[in-house]
Structures are given as C-alpha cells and as structure tokens.
Amino acid sequence: MKVCKAIVVLAIMSALMIPVSAMAKEYGTLKEVISAYDSSRCKQCHEQIYKDWEKAAHSMPLMGPFNKVLGTLQDYLKQRDPVKGEFKKSNEVTKSIKEYMMPCFVCHVPQLREMSEQAAQELADAVLKENYEVLDKLQINCIVCHNQVSIIRKYRDGNPEPDTVYGTKDLGGVHADTVFTKSKRHEMLEDSSFCGQCHQGPNVITSLVLPSSEPLWCVSNYDSWLQNYIPNGGDKSCQDCHMRAPNTGHRFPPNYQDHAFELDRLKNHIKFDVSAMAYTQQIKVPDLISTPMVVIKTKVWSENIGHRFTDGCPSTKHFLLKVKVTSKEGKELFNETKYYYPQKKRGDAENKVVFASLRKLTLMRDTALNPFKVNDETFEIKLPKDVEDATVEASLTLIMEPGVKEAVYELGKFSKFVSIKGRKQ
Ligand code: HEC
Ligand code: HEC
Ligand code: HEC
Ligand code: HEC
Ligand code: HEC
C-alpha cells in the first residue's frame with residue numbers, strides 16, 4: 001500500500017513539476033516525530049556514550065538544568081495572545097504556529113523543522129500543559145546530531161541521507177543499526193561550526209534567511225569563541241574541550257545538576273586571587289594629608305575556557321564577588337558586591353538589562369570572564385579615626401539559578417586580619 005501511495009504522489013508531483021528534493025520531510029503528528037527520532041535502541045551498542053548523554057543538558061532541552069527552560073518557552077508561547085501578548089502582531093505576520101515557534105524552539109527541539117502544523121500545535125500544547133511524558137522524549141539526541149544536523153554545507157554536501165549515521169571515522173560505509181544501516185565520515189562533526197548551529201546568537205539573520213520574523217538572543221558561545229578566543233591565540237575547538245578532554249565525551253559538561261562533579265570542574269577552570277593590606281597613606285599637596293586605609297585587590301579569571309563565561313539564556317547565571325571589611329569590634333566598615341555576567345539589553349529605547357531570550361537583542365556591557373583576560377578590582381577603604389585593625393573577607397560564588405540552593409557553587413573564600421600598626425591578630 002505504502003509503495004502504491006508513493007507512486008501516486010510521485011506521479012502527481014511530476015505532473016505538477018514539483019522537484020522531489022524540494023519537498024522537506026514532514027511528520028504529521030507529534031507521535032510520528034517522536035518515533036522517527038527514537039534513539040533508545042542506540043544504547044544496546046553504544047552504552048557508555050548513551051549513559052553519558054543522559055547526564056548532558058542535550059538530553060533535557062525543553063526542561064533544562066534546574067527546569068530553567070520550560071517556563072520561558074511557555075512565556076514565549078503566551079506572547080502570541082492577540083490582545084495582551086507582546087508579540088500580538090505575529091498573528092498578522094503569520095497564521096502558522098510552527099512558524100511562530102521556529103525562532104525560539106528550533107535549537108531546543110530541531111525536530112520542529114520537520115513537523116506539520118498539527119504536530120507543532122501538539123508540541124505547543126505539551127509545553128503549556130507541562131506534559132512531561134511527551135517533553136521527555138523530545139531531545140537533542142543521537143539521531144539529531146548524527147543525522148539531522150550533521151551536514152552544514154548542504155549545497156556542497158547535500159541533505160543528510162535518511163539511512164546514514166555521520167561520524168568521524170570511516171567505517172567502510174556500513175553500520176549495524178536497523179534503520180541507519182549506513183555510515184559516513186563527515187569532517188564537519190569535528191568543526192566548531194557544527195556546535196555553532198545552535199550555540200550562537202543573536203540570530204538577527206533569521207529575519208532574512210529563515211522562515212522566521214523575530215530575532216532572538218539565547219546564547220553566544222560560538223560568537224565569543226570566534227571573536228574573543230581564536231583571534232587572541234586560542235587553538236582549541238568546542239569538541240577539543242567539551243568532548244575530548246578528560247571527563248567529557250557525550251556528557252558535554254557543564255553538568256550543573258551533578259553538583260560535586262561540576263564544582264570540581266569549575267574550581268579547575270575558575271581562578272580567584274585576593275590580597276589585602278592596611279597602611280597609612282601620606283602625601284604632601286602641599287599640606288600633609290594622612291589617610292589610614294585598607295587596600296584589597298581581587299583577581300578572577302578563567303583558565304581554558306574558550307569563550308565568555310557565564311553565557312546563557314536568560315542571563316541570570318552570574319558570578320558574585322563579595323568583599324567585606326569589619327572592625328575588631330565587629331562593626332561593618334565596607335561591603336560591596338560585584339556581578340560578572342554578559343549584560344544584554346532590549347534593543348529599543350529602554351536601556352535596561354533584560355533576562356529573557358525573547359526580549360534581549362544587543363550586548364550592553366560584558367563583565368563576564370573572557371579568554372586571556374583578568375577581571376581585576378581594587379578597593380580602597382578609608383578607615384575611621386578610631387580604627388587601626390580590621391578583618392577582610394572576600395568570596396566568589398557562581399549562581400546558576402538564583403533562589404535554588406543546589407544551583408550555587410562556592411568557588412573560593414578569603415579572610416585576613418590587617419592592621420595599620422602591623423599588629424598580628
Ligand atoms: C541542535 C542544536 C545543538 C547542537 C548541534 C549542539 N548543541 Fe549544545 N546545547 C543545545 C541546547 C538547546 C542546549 C541547552 C539544553 C538545556 O538547557 O537543557 C545545549 C547545551 C549544551 C551544553 C550545556 C550548557 C549548560 O548550560 O548546561 C554544552 C556544554 C553544550 N551544549 C556543548 C555543545 C557542543 C560542544 C556542541 C558541538 C559538538 C553542541 N553543544 C552542539 C543545542 C545544541
Ligand atoms: C540559536 C539557538 C537557540 C535559540 C534560538 C534559543 N535557544 Fe535557548 N539555549 C540554546 C543553547 C545552546 C542553550 C544552552 C547553552 C548555554 O547554557 O550557554 C540554551 C539555553 C537556554 C536556557 C537555559 C539558560 C541558562 O542560562 O542556563 C533557557 C531558559 C532557554 N535557552 C530558553 C530559550 C527560549 C525561551 C528561547 C526562545 C525565546 C530560546 N531559548 C531560543 C540555544 C537556543
Ligand atoms: C550534540 C550533538 C551530539 C549528540 C547529541 C550525540 N553525539 Fe555522538 N558525537 C558528536 C560529535 C560532534 C562527535 C565527534 C567528537 C569528536 O570529534 O571528538 C561524536 C562522536 C560519536 C561517536 C564516535 C566517537 C566515540 O566516542 O566513539 C559515536 C559512536 C557517537 N558519537 C555516538 C552517539 C550516540 C550513540 C549518541 C546518543 C546517545 C550520540 N552520539 C549523541 C555529537 C553528538
Ligand atoms: C547493533 C549495534 C549498533 C546499534 C544498534 C547502533 N550502532 Fe552505531 N555503531 C555500531 C558499531 C559496531 C560501530 C563502529 C564501531 C565504533 O566506532 O564505535 C558504530 C558506529 C557508529 C557511529 C560512527 C562513529 C565514528 O567513529 O565515526 C555513529 C555516529 C553511530 N554508530 C551512531 C549510532 C546511532 C545514532 C545509533 C542509534 C540510531 C546507533 N549507532 C545504533 C553499532 C551499533
Ligand atoms: C579551551 C576550552 C574550551 C573551548 C574551546 C570551548 N569551551 Fe565551552 N566551556 C569550557 C569550560 C571549561 C567551561 C566551564 C564549565 C565546565 O566545563 O564545566 C565551558 C562552558 C561552556 C558552556 C556553558 C556556559 C554557561 O554559561 O553555563 C557552553 C554552552 C559551552 N561551553 C559551549 C561551547 C561551545 C559551543 C564551544 C565552541 C564554539 C566551546 N564551548 C568552546 C571550555 C571550552
């Protein structure tokens with residue numbers, strides 16, 4: 001029956017002169033999409049890779065670590081409300097829910113590209129109703145990376161073949177799977193631009209070349225790698241650091257939900273250095289001015305991170321640097337907090353940092369840790385007349401999700417007694 005149908009379709013298409021290749025693959029229902037992308041059988045033969053991948057954020061792209069993602073996707077869908085929605089005009093631009101979802105959902109669920117209008121609507125409903133049974137099955141999985149998005153240069157290399165897994169080794173063209181019975185080496189899997197397909201922003205260009213009419217800025221790992229790391233002498237690819245370094249592979253760290261594992265990684269890659277002293281500064285201008293003070297210097301930098309860090313969307317992920325000075329009697333003399341993160345703004349007259357991918361468009365300021373750069377600060381604190389000794393405390397913390405205890409990583413603490421009279425504690 002299926003064969004007969006296909007022949008009829010082909011006959012109609014040739015009569016209408018529609019080229020077969022121009023017909024994109026399309027699945028009618030969400031169930032069909034999920035079943036076509038079912039990667040569970042890959043586990044039989046690639047067990048370790050599969051287990052690693054289950055720990056990666058790629059296995060939960062609609063929920064995200066600490067469930068950060070789902071609520072924001074719901075927010076995006078709600079903005080289409082024809083009366084109250086920020087994107088109410090989208091109803092004039094397109095009648096299609098799939099087209100509306102594309103600019104926001106496509107990197108998180110690239111399967112959307114092959115969904116019918118009905119399947120896209122089912123996905124939107126599942127997101128709004130938090131139907132985890134469905135959402136858990138829509139992942140950036142083995143088939144997505146080793147087939148759907150493997151080929152970047154399609155004019156040169158063609159579309160991915162429906163029966164082929166693309167990898168980095170030449171296996172003689174064969175592969176033991178029941179559906180993906182062939183294999184092909186494809187060098188772009190080793191290229192950073194493979195990751196850049198999704199780890200890039202803002203996607204301003206979408207309004208020109210993709211069927212989407214709203215630019216969004218979720219992440220910028222690839223942009224930052226390209227502009228900040230490579231030009232300054234960096235020579236590693238995304239795959240080098242995220243897949244080939246020890247304890248990486250298909251886990252694609254960071255794995256923020258594995259607190260002990262991630263804390264260890266962060267401590268290896270984030271450096272924190274503090275010095276503090278107390279003295280009396282004297283200067284003749286022409287009168288003699290004496291100023292007793294505490295001077296604190298802090299340095300924070302990243303080692304072997306090939307892009308700005310933190311990044312992310314929305315950019316509530318940040319470093320917190322706290323510096324405090326207290327007198328011997330316990331009186332607080334100084335207390336300051338610095339935040340390190342990329343600060344993205346709205347892209348309109350309101351010059352305000354925003355925390356949502358659907359609202360931010362340009363970078364206002366970047367205080368995040370950047371490759372080959374040290375974030376250093378000097379704090380000069382004048383001591384009150386009666387104070388000669390003080391305790392300096394400083395700490396560095398990474399906050400992945402504000403308000404969530406397990407999403408906080410203490411990276412360093414410093415404490416020192418200082419005295420303008422050179423006294424020891
Ligand atoms: C098809 C799109 C896509 C491709 C291709 C892709 N990623 Fe991702 N990646 C994502 C999405 C979406 C997330 C976030 C998922 C989530 O929040 O759970 C993510 C998460 C990550 C994370 C974890 C980030 C975090 O904050 O927890 C790392 C690391 C990562 N990807 C690295 C890579 C590297 C390296 C490559 C290339 C070898 C790559 N990705 C290819 C879409 C993609
Ligand atoms: C160009 C691809 C792309 C688009 C478009 C995109 N995302 Fe993402 N998103 C990613 C990747 C990749 C990550 C994980 C990388 C990271 O943490 O740096 C991510 C992470 C997130 C996170 C976790 C944030 C964090 O800081 O850990 C949220 C929330 C999110 N996306 C929501 C959205 C929403 C909502 C939209 C649409 C309005 C959207 N994304 C559009 C690729 C994209
Ligand atoms: C986010 C994209 C992504 C996902 C998801 C992904 N892979 Fe990969 N995989 C890659 C890339 C990129 C490489 C090449 C790594 C390199 O160049 O070192 C690779 C390499 C491999 C290799 C060969 C290298 C090795 O370690 O033996 C196998 C086999 C493989 N993947 C299987 C799988 C299976 C099975 C899954 C599902 C559990 C999966 N991959 C999920 C991107 C992905
Ligand atoms: C019956 C066993 C079997 C199943 C099922 C299977 N594979 Fe494989 N696969 C292999 C073997 C064997 C190799 C070649 C040995 C190797 O390099 O790991 C291979 C190689 C690969 C490679 C190429 C790795 C490289 O080095 O370039 C990729 C990619 C891959 N498999 C992906 C998948 C995906 C995706 C699935 C699920 C849809 C899957 N495999 C299911 C047995 C299997
Ligand atoms: C020189 C090594 C290096 C290179 C190159 C590199 N990364 Fe990273 N990346 C890291 C380290 C280290 C971290 C810190 C977290 C961890 O690994 O646990 C990180 C963090 C990330 C995160 C999480 C960001 C966040 O704010 O939570 C993402 C996503 C990511 N990298 C993607 C990429 C992509 C995509 C590329 C290529 C364009 C890339 N990285 C290139 C080392 C590297």
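**View 1. The shell around ligand 3, sorted by residue class, has 10 nonpolar, six polar and two charged residues.** Welcome to this predicted model; we start with the surroundings of ligand 3. In total, 18 residues surround this ligand. The closest are Cys-142, Cys-145, His-146, Arg-244 and His-250. As for the room it occupies, the space taken by ligand 3 is the second largest pocket. Three elements give two or more residues each to the shell: α3 (47–55), α9 (142–148) and α14 (238–244).

**View 2. Three side chains make polar contacts with ligand 3.** Zooming in on the contact atoms, a polar side-chain atom of Arg-244 sits 2.6 Å from an oxygen atom of ligand 3. The two histidines face nitrogen atoms instead: for His-146, an N or O atom of the side chain is 2.8 Å from a nitrogen atom of the ligand, and for His-250 a polar side-chain atom is 2.9 Å from a nitrogen atom.

**View 3. The iron atom of ligand 1 has an octahedral site.** Here the protein supplies His-58 and His-199 as donors, each through NE2, and they lie 2.1 Å from the iron atom. Angles among the six donor atoms run from 86 to 180 degrees. For reference, six octahedral donors ideally make angles of 90 or 180 degrees. Follow the chain outward from the metal and you will find His-58 in the loop between α3 and α4 (68–78), while His-199 is in the loop between α11 (192–196) and α12 (206–209), so the two histidines tie together parts that are 141 residues apart in sequence.

**View 4. Ligand 5 is surrounded by 25 residues.** The closest of them are Cys-238, Cys-241, His-242, Tyr-256 and His-307. Split by class, this shell holds 11 nonpolar, nine polar and five charged residues. Which element gives the largest share of the shell? That is α13, with four residues.

**View 5. Oxygen atoms of ligand 5 meet polar side-chain atoms of Tyr-256, Arg-265 and Lys-317.** The distance is 2.4 Å for Tyr-256, 2.6 Å for Lys-317 and 2.8 Å for Arg-265. Stepping back to the secondary structure, α13 (221–229), α14 and α15 (259–269) are the elements that give two or more residues to the shell around ligand 5. If α14 rings a bell, it was also listed for the shell around ligand 3.

Definitions and conventions
Residues are numbered from 1 along each chain as its sequence is written. Chains are lettered from A and ligands numbered from 1 in the order in which they are written. This is a predicted model: local features need pLDDT of at least 70, side-chain atom pairs count only at pLDDT 80 or more; totals for chains, interfaces and linings use all residues. Side-chain values use heavy atoms; hydrogens and water are left out. A residue is near a molecule or strand if one of its heavy atoms lies within 4 Å of it. A polar contact is a pair of N or O atoms within 3.5 Å; within protein, one must be able to donate a hydrogen and the other to accept it, and residues adjacent in sequence count only if both atoms are side-chain atoms. On a 1 Å grid over the protein atoms alone, a cavity is a set of points where a 1.4 Å probe fits but cannot get out, and a pocket is an open set with protein on both sides within 12 Å along at least five of seven lines; lining residues have an atom within 4 Å of a point. A molecule sits in a cavity or pocket if more than half of its atoms lie within 2 Å of its grid points. Ala, Val, Leu, Ile, Met, Phe, Trp, Tyr, Cys and Pro count as nonpolar, Asp, Glu, Lys and Arg as charged, and the others, Gly among them, as polar. Donors are N, O and S atoms within 2.8 Å of the metal (3.2 Å for Na, K and Ca); water is not among the atoms, so sites may look incomplete. Four donors count as tetrahedral if all angles lie between 85 and 135 degrees; four count as square planar and six as octahedral if opposite donors are over 155 degrees apart and all others between 65 and 115; anything else is irregular.
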